[in-house]
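Here is a friendly walk through one protein, from a pair of packed helices to a few single residues. Keep the structure open and follow along.

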Amino acid sequence: MLRRRNYWLLFAILLLSLTSLSPSMELDTSDDTYPLKQPLNPSEHSESGDKDNVESLSIRVSMSKEEFNELERISNNYSLSSGTRVILSNVDSAEANEILQQDLTIGRSPDIIMTDGRSITDLATQGYLLPVDIYQSVPGSAPLTTLIPQMQWNGYDWGVPLDIDPYVLVYSPKRLAELGITGLPRSLEQWNELLKVIREQPNKQRYLLAMDTRNPYGYSAVLESMGGNLESISPALLEWTQYAGNYFFLTSRTNTDLWDMLQDGKLAVAALPLSEWQKHGNSTLSAEAPLTASSGSGYEAIYSRFFALPAQSGNPEAAVNWLSYVTSSTEQLDWLENTGRLPALDELYRTGLPESVKIPFDTRLLLVDETNLESKSTGGWTALSLAVTQLLTGKLDPAGYAAAAAQASE
């Protein structure tokens with residue numbers, strides 16, 4: 001009898017265990033928290049969000065007040081047609097990178113962010129972004145070919161470009177002529193000739209070059225004018241940078257004093273974004289692209305602003321629909337007309353920009369044959385940017401920069 005009672009006890013325990021594993025019993029594991037980084041498996045996110053029932057999108061950008069007002073206008077038109085409320089916020093450019101990195105790290109990002117296009121690969125490889133092309137094909141038309149390596153990694157597209165701002169070399173033809181120099185230097189030898197003349201000026205403080213140390217684009221433009229580039233800079237150009245460094249005028253902000261210095265002859269050449277030339281340039285000054293039509297290589301010194309989806313984006317499908325609308329060819333032309341910022345779409349340069357748009361160089365320089373591009377992006381832009389700043393400010397010698405650049409590209 002005792003043995004039979006034990007059998008019944010064991011049966012009861014087994015039945016209770018099976019009941020606890022029943023599918024009708026659900027375990028709530030949600031705690032409203034997110035991991036610092038999402039896994040780099042795009043398929044895990046392909047069904048996230050509900051594109052048919054999205055009430056609002058949060059989007060953070062960093063741009064001027066005038067540009068922000070134009071983006072609000074375009075976004076409001078999208079809201080009227082889609083029924084989706086769009087909440088835009090604008091942060092100061094000086095704080096944008098710090099705020100972005102902090103929010104991405106703690107997982108408190110908006111649905112869409114804006115960043116430098118060259119930073120897209122770094123953010124993607126760290127697991128901070130979602131690929132945009134798993135929700136639909138790349139929004140809008142094809143971007144400029146030169147931008148493609150910035151947005152692609154691991155077989156996916158991780159960003160959508162809004163606009164570009166090429167860097168140009170600005171100078172006073174009159175002041176250079178007074179120094180016996182005809183035209184903008186286009187080789188290391190010609191830059192050395194200009195430097196020699198400046199060094200020989202008696203009792204005058206003159207600068208050879210003005211560059212912004214906040215990013216490498218100005219330095220990249222100077223290297224391009226010599227036939228070099230940031231990623232594979234030659235030892236000769238590095239040595240020249242160190243040798244000529246005492247005659248650089250370095251700044252860490254937008255400096256309007258440069259325009260007076262150029263006209264007064266205190267500064268020979270300034271590497272500046274095209275947008276600054278459009279604001280402050282005049283008939284006494286000239287601006288040229290660092291490349292010429294005969295260079296046969298892609299224009300590297302181009303700052304681009306990209307939209308991207310943070311890994312914690314709550315509505316990625318709806319976010320990509322907004323991106324598709326804002327970066328369409330129609331809206332890109334409106335953006336150009338109302339902000340002056342150049343579009344990022346390839347087709348607009350092949351068909352020709354409006355005649356009212358005045359660019360101080362042939363825009364065909366922006367068109368690159370896809371076969372001339374590297375097969376993939378290597379990333380490392382953040383580390384390379386820091387190395388350039390340290391080189392220009394004397395914290396790295398040529399050998400140190402070469403080592404840092406090599407490590408950044410690994």
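## Helices α2 and α13

A good place to begin is where helix α2 (residues 65–82) packs against helix α13 (residues 329–339), with the axes 10 Å apart and an angle of about 150 degrees between them. Because angles over 145 degrees count as roughly antiparallel, α2 is roughly antiparallel to α13. The crossing of these two helices is right-handed. Please bear in mind that this is a predicted model.

Which residues make the contact? From α2 come Glu67, Glu70, Leu71, Arg73 and Ile74, and they meet Glu331, Asp334, Trp335, Asn338 and Thr339 of α13. Sorted by character, the residues of this contact are three nonpolar, two polar and five charged. As for spacing along a helix, an α-helix has 3.6 residues a turn, so residues three or four places apart point the same way.

## Ser75, a buried residue of α2

Stay with helix α2 for a moment, since Ser75 is found there too. Is Ser75 buried or exposed? Its relative accessibility is 1%, and because buried means under 20%, Ser75 counts as buried.

The side chain of Ser75 makes a polar contact of 3.0 Å with the side chain of Trp322. Leaving aside residues up to four places away in sequence, Ser75 touches Val86, Leu88 and Trp322.

## Helices α8 and α9

Now turn to a second helix pair. The axes of helix α8 (residues 217–225) and helix α9 (residues 235–244) come within 12 Å and cross at roughly 120 degrees. That angle makes α8 oblique to α9, and the crossing is right-handed.

Here Tyr219, Val222 and Leu223 of α8 meet Leu237, Leu238, Trp240 and Thr241 of α9. The contact residues divide into six nonpolar, one polar and no charged.

How much of α8 is covered? Nine of its nine residues are buried, including Tyr217, Gly218, Ser220 and Glu224. Just after this helix, Gly227 takes a positive phi of about 85 degrees.

## Asp116 and its neighbours

Asp116 lies in strand β3 (residues 113–116). With a relative accessible area of 14%, Asp116 is buried. This residue also leads back to α8: a polar contact of 2.9 Å joins the side chains of Asp116 and Tyr217, and Tyr217 is one of the buried residues of α8.

The side chain of Asp116 also reaches the backbone nitrogen of Arg118, at 2.9 Å. What else does Asp116 touch, not counting residues up to four places away in sequence? Its contacts are Tyr217, Tyr303, Ser304 and Trp381. Look at Arg305 as well: the C-alpha atoms of Asp116 and Arg305 are separated by 5.0 Å, although these residues are 189 apart along the chain.

## The whole protein

Stepping back, the protein has 16 helices and 13 strands. Of its 410 residues, 48% are buried; Ser75 is buried, and so is Asp116.

Finally, consider how contacts are spread along the sequence. Among contacts between residues at least 6 apart in sequence, 76% join residues at least 24 apart. The pair Asp116 and Arg305, 189 residues apart along the chain with C-alpha atoms separated by 5.0 Å, offers a place to look at such long sequence separations in the model.

Key. Residues numbered from 1 in each chain as written. Predicted model: local features only at pLDDT ≥ 70, side-chain atom pairs only at ≥ 80, totals over all residues. Heavy atoms only, no water. Axes fitted to C-alpha atoms, helices over the stretch in contact; angles between N-to-C directions. Helix = DSSP H or I, 4+ residues; strand = E, 2+ residues; numbered from the N terminus. Parallel < 35°, antiparallel > 145°, perpendicular 65-115°, else oblique. Left-handed = near helix turned anticlockwise from the far one by under 90°. Contact = heavy atoms within 4.5 Å. Nonpolar A, V, L, I, M, F, W, Y, C, P; charged D, E, K, R; others polar. Buried < 20%, exposed > 50% of the residue type's maximum accessible area, 1.4 Å probe, protein only. Polar contact = N/O pair within 3.5 Å; in protein donor to acceptor, adjacent residues only side chain to side chain.
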